[in-house]
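Work through these exercises with the sequence and the 3D structure open. Each task is followed by a stepwise solution.

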Amino acid sequence: MESEQKTPKRSGRKGWIVVGVAVVVAVVAVAIVAFSHLLKKNTAEPLATLPADAVYVLQINDNEAFVKSSVKCLPYLDEILSLNAMEGFEYFASRISANLPKTDQIVISGHLNQSNQLKLMMSTRASEGAFNQLLLELKINPKDCSTHRSVRIYKIATHHNTFYLCFHNGIFSAAESVKLLESSIDVTAAANALINQADLKKLLGVIYKNDKQNWLIINHERFVKGEMPKIATDYQTQFSHYKDLADWSAYQVTFTDFEMKLSGYSMVAPNSFFQQFHGSMDSPMSIPDSLVCSNISRMESYTAPFTVGADSVVLQFPDIHHFVMNSKDRDLHFIALHSDESDNLAEVFLPSDFTSDSIIRYKKIAIYKSGVGDFVPKCLQDSTIACNYFVENKGNLIFADSVSALKSYLDKMSGGSNLASNQTYVFAKKHLPSQSVFELYYQNLNQDARKFFSASFLKAGGRLSTLRVFSVNARESVDGMVPNNIYVRFQ
């Protein structure tokens, strides 16, 4: 009987032990979840604190390398991205990082204010202790501040600029505008920051996979809107088309002396420029060196095939090349076509009333009037190109809007100097992949670029008017993104 009475007591103890262990486990689990939630709430990624209206984002993952390599290009970048606050940001970042175990990622974002002026904000991870130490070094009274959502915002005037500083969610931010800091605090609290925008998530996925490089993320429409005051009135309509290149682009950015190279992706949007290359096949760009003058100011080449039909004949052209020559009074535009499908290529473009008497002879070369002047492919429809006349050369046709333009072209070509002898072009092309569906090459001849900029921009000493080379190469679309590369030589 005695042993029978002891058994239930032992069993009761075991039950209480099991219950106690379960309670402890539950408490620990709740504590872990709560701590995790608190940590997540109070520690953010720099990108997660950026307002969704950013024009561009410069994510610097290696600040020391960025500063050293970009020194000669910074004056030009300042004109493009309004980096006049950069020196102040660099100082703040260096002081914050001095109180951390290692230098961390720095994110600089540009935002348009109500006057369409670009204002910048810098964000980087920090500790509250490091932030308080910075306030001490800057001799800022901790009590001299404004507040937004219980976050303290401090103001400091330097000989460079006036800055506003704050610390929230594990992030130190400095900005040229107090409204930028308030927006950053708002979007972090509401979780509607830039990185949560659906149209940007694919690009961010690429960026997250490579956090060793420095990245430049651009919203094309906002960027064009902010740059418009720098553009001359006669070219503003043309420049405005660049907003339709894509929605967003993200590039790894590197510098060498006065050179800048961008390599990355652009998001393809409906009716955007890059949309037309969907389904194209990458191939080596076959620039017809022998057909293009060495002193062109610009050339665009497309490998996207297109067809031209006249009567019962339809020809397919694997590529098209549009190039521009400088003239004293105007730019001269030309289109070069090649086809292996017909030995009588010219006949497709002759008008129905063609007679041999209508041929114009110049330097023993026949200049024909075109009967299919409206054939300009979709990729060039925004350009003011009229293909009214053409000449034939070994299965290639060169079109222009007038006989005088073709005569100027033939004069240049008679000197024997073609694109292959243009060392600037050859040098720029080496920096781009050989496979592509699109290439753009621009060289600044005799400071010709000055005509593109407004008088106020030039009066302020606009350095971009002296830009030397700008070259772009794009490949076929992949999952809604177009890989492309940009090479720029500033001097």
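A salt bridge here is a side-chain nitrogen of Lys or Arg within 4 Å of a carboxyl oxygen of Asp or Glu. Note that the model is predicted.

**Exercise 1. Salt bridges**

Task: Find how many salt bridges the whole structure holds, and which residues are linked in a network with Asp331.

Solution.
- Step 1. Search the whole structure: 15 salt bridges turn up.
- Step 2. Take the pair Asp331 and Lys451. Their closest N and O atoms are 2.9 Å apart. Asp331 sits in the loop between β15 and β16, and Lys451 in the loop between β22 (438–443) and α12 (455–459). The two residues are 120 apart in the chain.
- Step 3. Extend the pair. Asp331, Asp448 and Lys451 make up a network of salt bridges.
- Step 4. Check accessibility. Asp331 has a relative accessible area of 22%, so it is partly exposed. Lys451, at 27%, is partly exposed.

**Exercise 2. Distant partners**

Task: For Lys202 and for Arg330, name the acidic partner in a salt bridge.

Solution.
- Step 1. Start from Lys202. Its side chain meets that of Asp479 in a salt bridge, 3.4 Å from N to O. Lys202 belongs to helix α7 (residues 201–209), while Asp479 lies in the loop between β23 (469–474) and β24 (481–489). The pair is 277 residues apart.
- Step 2. Apply the cut-off for exposed, over 50%. Asp479 has 57% relative accessible area, so it is exposed. Lys202, at 39%, is partly exposed.
- Step 3. Move to Arg330. Its side chain forms a salt bridge with that of Asp401, at 3.2 Å from N to O. Arg330 is in the loop between β15 (320–325) and β16 (332–338), and Asp401 in the loop between β20 (396–400) and α10 (403–414), so the bridge ties together parts 71 residues apart in sequence.
- Step 4. Compare with the cut-offs. Arg330 has 33% relative accessible area and is partly exposed. Asp401 has 28% and is partly exposed.

**Exercise 3. The surroundings of Asn61**

Task: State where Asn61 lies, and which backbone oxygen its side chain reaches.

Solution.
- Step 1. Locate the residue. Asn61 is in the loop between β1 (56–60) and α2 (63–69).
- Step 2. Look for side-chain partners. The side chain of Asn61 makes a polar contact with the side chain of Gln59, at 3.4 Å.
- Step 3. Look for backbone partners. The side chain of Asn61 reaches the backbone oxygen of Gln213 at 2.5 Å.
- Step 4. Leave out neighbours within four places in sequence. Contacts of Asn61 then include Gln105, Asn210, Lys212 and Trp215.

**Exercise 4. Buried sides of two helices**

Task: Which residues of α5 and α10 are buried?

Solution.
- Step 1. Take helix α5 (residues 128–137). Ala130, Phe131, Leu134 and Leu135 are buried. Their arc around the axis is only 145°, which puts them on the same side of α5.
- Step 2. Go past the end of α5. Lys139 follows, with a positive phi near 60°.
- Step 3. Size up α10. The helix has 12 residues and spans 16 Å from first to last C-alpha, close to the 16 Å expected at 1.5 Å a residue.
- Step 4. List its buried residues: Val403, Ala405, Leu406, Tyr409, Leu410 and Met413. They fall within an arc of 160° seen down the axis, so they line one face of α10.
- Step 5. Identify the cover. Among the elements over the buried residues of α10 are β15, β16 and β20.
- Step 6. Check the residue just after α10. Gly416 takes a positive phi of about 80°.

**Exercise 5. Strand pairing**

Task: Which strands pair with β12, and which with β6?

Solution.
- Step 1. Begin with β12 (residues 296–302). Seven of its seven residues are buried.
- Step 2. Find its partners. Six bridges join β12 to β15, antiparallel. Five bridges join β12 to β22, in the antiparallel sense. Arg298 has Tyr442 as its bridge partner in β22.
- Step 3. Turn to β6 (residues 162–168). Six of its seven residues are buried, so the rest of the structure largely encloses β6.
- Step 4. Pair β6 with β5 (residues 151–157). The strands are antiparallel, over five bridges. They form a hairpin with four residues between them. Ile156 has Phe163 as its bridge partner in β6.
- Step 5. Pair β6 with β7 (residues 171–175). This pairing is antiparallel over five bridges. His168 stands opposite Ile171 in β7. The hairpin has two residues between the strands, and Asn169 in it takes a positive phi near 55°.

Technical notes
Residues numbered from 1 in each chain as written. Predicted model: local features only at pLDDT ≥ 70, side-chain atom pairs only at ≥ 80, totals over all residues. Heavy atoms only, no water. Buried < 20%, exposed > 50% of the residue type's maximum accessible area, 1.4 Å probe, protein only. Polar contact = N/O pair within 3.5 Å; in protein donor to acceptor, adjacent residues only side chain to side chain. Contact = heavy atoms within 4.5 Å. Arc of directions from axis to C-beta. Expected span 1.5 Å × (residues − 1). Pairing = 2+ DSSP bridges.
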